[in-house]
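Me: Could you take a close look at one part of this model with me? I would like to understand a single residue and its surroundings.

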Amino acid sequence: MKKIEAIIKPFKLEDVKDALSEAGITGMTVSDVKGYGRQQGHSELYRGAEYVVDFLPKIKIELIVANDDVDSTIDIIIAAAKTGKIGDGKIFVSSIERIVRIRTGEENEEAI
């Protein structure tokens, strides 16, 4: 089992969620996060004063998938989240040792 964490632009969340749902992936956790990469933030003008926005709003999606589904899940996220512009985000994949569903006690693949 693998944990996939995708950092995407906020306006792409519905596209990614819909694409994952169509593929049968229904469980995910979504968080509002802030950060920057190569964008290094940007400057904005507010009431005549210029100020720097260091951290940009992003969305973090976390989901657990079976090992066989990792590549297809990543492809789905890329296709749905890509704008072709800087700041599209990143995807991180890590191994999961154990999952336990609290309600039933089911473990690992049955608990996904």
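Is Lys-12 buried or exposed, and what is its relative accessible area?

Reply: Happy to. Lys-12 is buried, with a relative accessible area of 13%; here buried means under 20% relative accessible area, exposed means over 50%, and partly exposed lies in between, with a 1.4 Å probe and protein chains only. Before going on, please keep in mind that this is a predicted model, in which local features need pLDDT of at least 70 and side-chain atom pairs count only at pLDDT 80 or more, while totals for chains, interfaces and linings use all residues. Residues are numbered from 1 along each chain as its sequence is written, and side-chain values use heavy atoms, leaving out hydrogens and water.

Where does Lys-12 sit? The residue is in the loop between strand S1 (2-8) and H1. These elements are DSSP runs numbered from the N terminus, helices being H or I runs of at least four residues and strands E runs of at least two. If we set aside residues up to four places away in sequence, Lys-12 touches Ala-80, Ala-81, Lys-82 and Thr-83, where contact means heavy atoms within 4.5 Å.

Lys-12 also has a charged partner. Side chains of opposite charge can pair when their charged atoms come close. Asp-15 and Lys-12 form a salt bridge, with 3.5 Å between the closest N and O atoms; the term requires a side-chain nitrogen of Lys or Arg within 4 Å of a carboxyl oxygen of Asp or Glu. The two partners fall into separate burial classes: Lys-12 is buried, whereas Asp-15 is partly exposed at a relative accessible area of 38%.

Asp-15 leads us on to the helices. Two packed helices are described by the angle between their axes and the distance between the axes. Helix H1 (residues 13-22) packs against helix H2 (residues 70-81) at an angle of about 145°, the axes being 8 Å apart. The axes are lines fitted to C-alpha atoms, for helices over the stretch in contact, and the angles run from 0 to 180 degrees between N-to-C directions. The crossing of H1 and H2 is right-handed, meaning that the near helix is turned clockwise from the far one by less than a right angle, with anticlockwise giving a left-handed crossing.

Which residues make this contact? On the H1 side they are Asp-15, Val-16, Ala-19 and Leu-20, and these meet Thr-73, Ile-76, Ile-77, Ala-80 and Ala-81 in H2. By type, the contact of H1 with H2 divides into seven nonpolar residues, one polar and one charged. In this scheme Ala, Val, Leu, Ile, Met, Phe, Trp, Tyr, Cys and Pro count as nonpolar, Asp, Glu, Lys and Arg as charged, and the others, Gly among them, as polar. Ala-80 and Ala-81 thus appear twice in our picture, as H2 residues in the helix contact and among the residues touched by Lys-12.

H1 has further charge pairs. Glu-14 and Lys-17 meet in a salt bridge at 3.9 Å, N to O. Because they are three residues apart in helix H1, Glu-14 and Lys-17 are separated by about one helical turn. Lys-17 also pairs with Asp-18, in a salt bridge at 3.8 Å, N to O, and Glu-14, Lys-17 and Asp-18 are linked in a network of salt bridges. Each member counts as partly exposed: Glu-14 at 44% relative accessibility, Lys-17 at 33% and Asp-18 at 37%.

H2 has a contact of another kind through Thr-73, one of the residues touched by Val-65. Val-65 is found in strand S5 (residues 56-65) and counts as buried, at 4% relative accessibility. Neighbours within four places aside, its contacts also include Met-1, Ile-25 and Ile-112.

Finally, the whole protein as a backdrop. The elements run β-α-β-β-β-β-α-β from the N terminus on, with two helices and six strands. Of the 112 residues, 29% count as buried, and Lys-12 is one that meets the under-20% cut-off. The accessible surface comes to about 7,600 Å², with 49% belonging to carbon and sulfur atoms; these areas come from the Shrake-Rupley method with a 1.4 Å probe, and for residues only the protein chains shown count as cover. Eight salt bridges turn up in a search of the whole structure.
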